[in-house]
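Work through the exercises below with the structure open. Each task is followed by a stepwise solution.

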Amino acid sequence: MKDIKLKDKIAQGINDLFYIWKREFQTTFRDQGVLIFFILVPLGYPLLYSFIYDNEVVREVPAVVVDDSHSSLSREYLRKVDATPDIQIVSYCADMEEAKQMLKNRHAYGIIYIPSDFSDNIAKGKQTQVSIYCDMSGLLYYKSMLLANTAVSLDMNQDIKIARSGNTTDRQDEITAYPIEYEEISIFNPTAGFAAFLIPAVLVLIIQQTLLLGIGLAAGTARENNRFKDLVPINRHYNGTLRIVLGKGLSYFMVYVLVAFYVLYIVPRLFSLNQIGQPGSLVLFVVPYLAACIFFAMTTSIAIRNRETCMLIFVFTSVPLLFISGISWPGAAIPPFWKYVSYIFPSTFGINGFVKINNMGATLSEVAFEYKALWLQAGVYFLTTCWVYRWQILMSRKHAIERYKELKEKENLSKQVSD
């Protein structure tokens, strides 16, 4: 009899699990708010961000010139700067005040200042200088200004050194120009572009944030529709912790397997972003990331009391999470406190592991730390989710019993009054 009862209990648990999975699946596609966060946002946001940064680098930054030298050498310098793809000289100003005014009015984002003794110092064999001033509200403007002027100054330095050396052969000229020959290679980011390093991190973060918002919204809806404002409804199918957690988790996982494939594989291909990772390694890495994000979102949903609460709690965290992940800001420069705070979120390990595999060609063994951390988070958040829903089951029963006793007392009181 015990064996039969155990089998019946297992069968009932499996039936309840699939009932909860089916009901959660239906809720996902019937609730417009959840549908927006689970489907429309993952479809639209990756395209939006990728289109914004599709140019990769900033070209033809408007710059103005103050040339107090008025020499053939200064004009040659400015012609070469203007010929670079990074800078476009839009005006020649009479003095610095005029140049500052153009910078203030946003007609230009940088000033190139050549002093009056520029050509004379070179002719006398003295060191000279060129000053650049840049609008630092955009670091990419500064980068373009600095790279263009540095490249031109090195090129002109080479010609000046060769002219002064008195060499008799081309080989001597080469050695004079480059005593130490160097070659610049941008590893894992051939274009040295902004999108190639930032977009992969944003794509991984979108998965976590949309799960937090979608599951939070579903939890807020469940509370609003519950007469006792509990997370778990009074229903015979919602009578066990594991069947609730696994049923809901399986529903979210099935939706996000397709979402993750689109976000992490299709979108980078549409915009020709760097993808050199092995597909098998990516799949194996994404599985614990999705599990950790789902159970993390289900755990945090305990704090959601209505549909709007999740927007107030989770939306503002996107930018800080991107910073403390160690991608948009160097991980070595993050204070230890915030580094430990970042370990709470699956996105930290997900972003770093995905970038290493997808953009740098790492194998699963080379991202063992992030991979193990995600499985650990998935296990820990699975246990916390079970605890949350077990507590909610007990609270739901408690409220139901209290309501039953209240109705019973009213019934008895009405009988006494009628007698």
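The model is predicted.

**Exercise 1.** Find the helix that holds phenylalanine 18 and classify the residue as buried, partly exposed or exposed.

Solution.
Step 1. Phenylalanine 18 is located in helix H1.
Step 2. Its relative accessible area is 45%.
Step 3. Buried requires under 20% and exposed over 50%, so phenylalanine 18 is partly exposed.

**Exercise 2.** Which residues make the nonpolar surface patch, and which element gives the largest share?

Solution.
Step 1. Leu6, Ile10, Ile14, Phe18, Leu250 and Met254 form the patch, which covers about 530 Å².
Step 2. Two elements, helix H1 (2-30) and helix H9 (241-270), each give two or more residues to this patch.
Step 3. H1 supplies four residues, the largest share.

**Exercise 3.** Place glutamine 209 in its helix, decide whether the residue is buried or exposed, and list its contacts beyond four places in sequence.

Solution.
Step 1. Helix H8, spanning residues 194-225, contains glutamine 209.
Step 2. The relative accessibility of glutamine 209 is 6%. The limit for buried is under 20%, therefore glutamine 209 counts as buried.
Step 3. With neighbours within four places in sequence set aside, glutamine 209 contacts Phe314, Thr317, Ser318 and Leu321.

**Exercise 4.** Give the domain bounds of the protein chain and the separation of the domain centres.

Solution.
Step 1. The domain assignment gives domain 1 as 6-53 + 193-409.
Step 2. Domain 2 is assigned to 61-176.
Step 3. Taken over C-alpha atoms, the centres of domain 1 and domain 2 are 52 Å apart.

How values were computed:
Residues numbered from 1 in each chain as written. Predicted model: local features only at pLDDT ≥ 70, side-chain atom pairs only at ≥ 80, totals over all residues. Heavy atoms only, no water. Patch = residues over 30% accessible without salt bridge, like charges linked within 9 Å, V, L, I, M, F, W, Y side chains within 5 Å. Areas by Shrake-Rupley, 256 points an atom, 1.4 Å probe, with all protein chains shown as cover. Salt bridge = Lys/Arg side-chain N within 4 Å of Asp/Glu carboxyl O. Buried < 20%, exposed > 50% of the residue type's maximum accessible area, 1.4 Å probe, protein only. Contact = heavy atoms within 4.5 Å. Domains from an automatic or database assignment.
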